[in-house]
Amino acid sequence: MKMAQREGMLITYALGSCIGICLYDPQIKLGAMVHIMLPLNMETGRKNPLKYADTGIRETLSQMEAKGAVRRRIVAKIAGGAKMFEVSGNSSLGNIGQRNIDSVHMLLKRENIPLLKEDVGGGTARTLLFDVSNGLCCVRSYGKEELVF
């Protein structure tokens, strides 16, 4: 997780099945980006809570609030959650990208954070850039036109 205020570009690379979450308080121009790898923290001792959707979103929001963000002003944009590999059978366990998408959607809703825009799913990895000076996100992926939202 990275955080910046008023200026700066936050970037995360190689978002395959992972999801990049941009959280932003537009009034104080405080932005944070967290790179989620898995939907739920099942790690013993929870050594790295930021890589899981459930604990990562909550920890990032907490750190933003400690820097002056107000929960009711924070908004989100996300990218990633691709299905990078084919797994035999119809099990959803093999599609970690979709499980990450579902988990992030549920957690943002539970935390009352509006999801303004998303670029999720598909089968291509993405790079996500987040300009905290204006709250804009840019998604780059091979073979596709750059997406700004």
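Asp 119 is a buried residue in this predicted model, with a relative accessible area of 18%. Because the cut-off for burial is under 20% relative accessible area, that value places Asp 119 among the buried residues. Asp 119 belongs to strand β6, and its side chain meets that of Arg 126 in a salt bridge, with N and O 2.9 Å apart. The partner is buried as well: Arg 126 has a relative accessibility of 5%. Beyond neighbours within four places in sequence, Asp 119 touches Ile 78, Ala 79 and Gly 80, and its contacts also take in Arg 126, Val 139, Leu 147 and Phe 149.

The contacts with Ile 78, Ala 79 and Gly 80 lead naturally to strand β5, which spans residues 75–80. Strands β5 and β6 run parallel to each other and are joined over 5 bridges. Within this pairing, Lys 77 is placed opposite Lys 117 of β6.

Both strands are part of an open sheet of 5 strands with mixed pairing, in the order β1-β4-β3-β5-β6. The edges are taken by β1 (2–5) and β6 (115–120); each has a single partner strand, so one side of each has no neighbour in the sheet. From one strand to the next, the twist averages 15 degrees. Helix α1, made of residues 53–66, lies across three strands of this sheet, namely β1, β3 (19–25) and β4 (30–36). Relative to β4, the helix runs at about 165 degrees.

Salt bridges deserve a closer look here, as the structure holds 5 of them. Glu 65, Arg 71 and Glu 111 are linked in a network of such bridges, with Arg 71 pairing with each of the two glutamates. The side chain of Arg 71 meets that of Glu 65 at 3.0 Å, N to O. In the bridge between Arg 71 and Glu 111, the closest N and O atoms are 2.6 Å apart. Arg 71 sits in the loop between α1 and β5, while Glu 111 sits in the loop between α2 (96–110) and β6, so this pair ties together parts that are 40 residues apart in sequence.

The members of the network can also be described by their accessibility. Arg 71 is partly exposed, its relative accessible area being 26%. Glu 65 is likewise partly exposed, at 31% relative accessibility. Glu 111, in contrast, is buried, with a relative accessible area of 14%. The Arg 71 and Glu 111 bridge therefore joins a partly exposed residue to a buried one.

Turning to the surface, a nonpolar patch is formed by Met 9, Ile 11 and Tyr 13, which together have about 320 Å² of accessible area. Met 9 lies in strand β2, which covers residues 9–15. With a relative accessibility of 46%, Met 9 counts as partly exposed, because that class lies between the buried limit of 20% and the exposed limit of 50%.

Key:
Residues numbered from 1 in each chain as written. Predicted model: local features only at pLDDT ≥ 70, side-chain atom pairs only at ≥ 80, totals over all residues. Heavy atoms only, no water. Pairing = 2+ DSSP bridges. Helix = DSSP H or I, 4+ residues; strand = E, 2+ residues; numbered from the N terminus. Axes fitted to C-alpha atoms, helices over the stretch in contact; angles between N-to-C directions. Contact = heavy atoms within 4.5 Å. Patch = residues over 30% accessible without salt bridge, like charges linked within 9 Å, V, L, I, M, F, W, Y side chains within 5 Å. Areas by Shrake-Rupley, 256 points an atom, 1.4 Å probe, with all protein chains shown as cover. Salt bridge = Lys/Arg side-chain N within 4 Å of Asp/Glu carboxyl O. Buried < 20%, exposed > 50% of the residue type's maximum accessible area, 1.4 Å probe, protein only.
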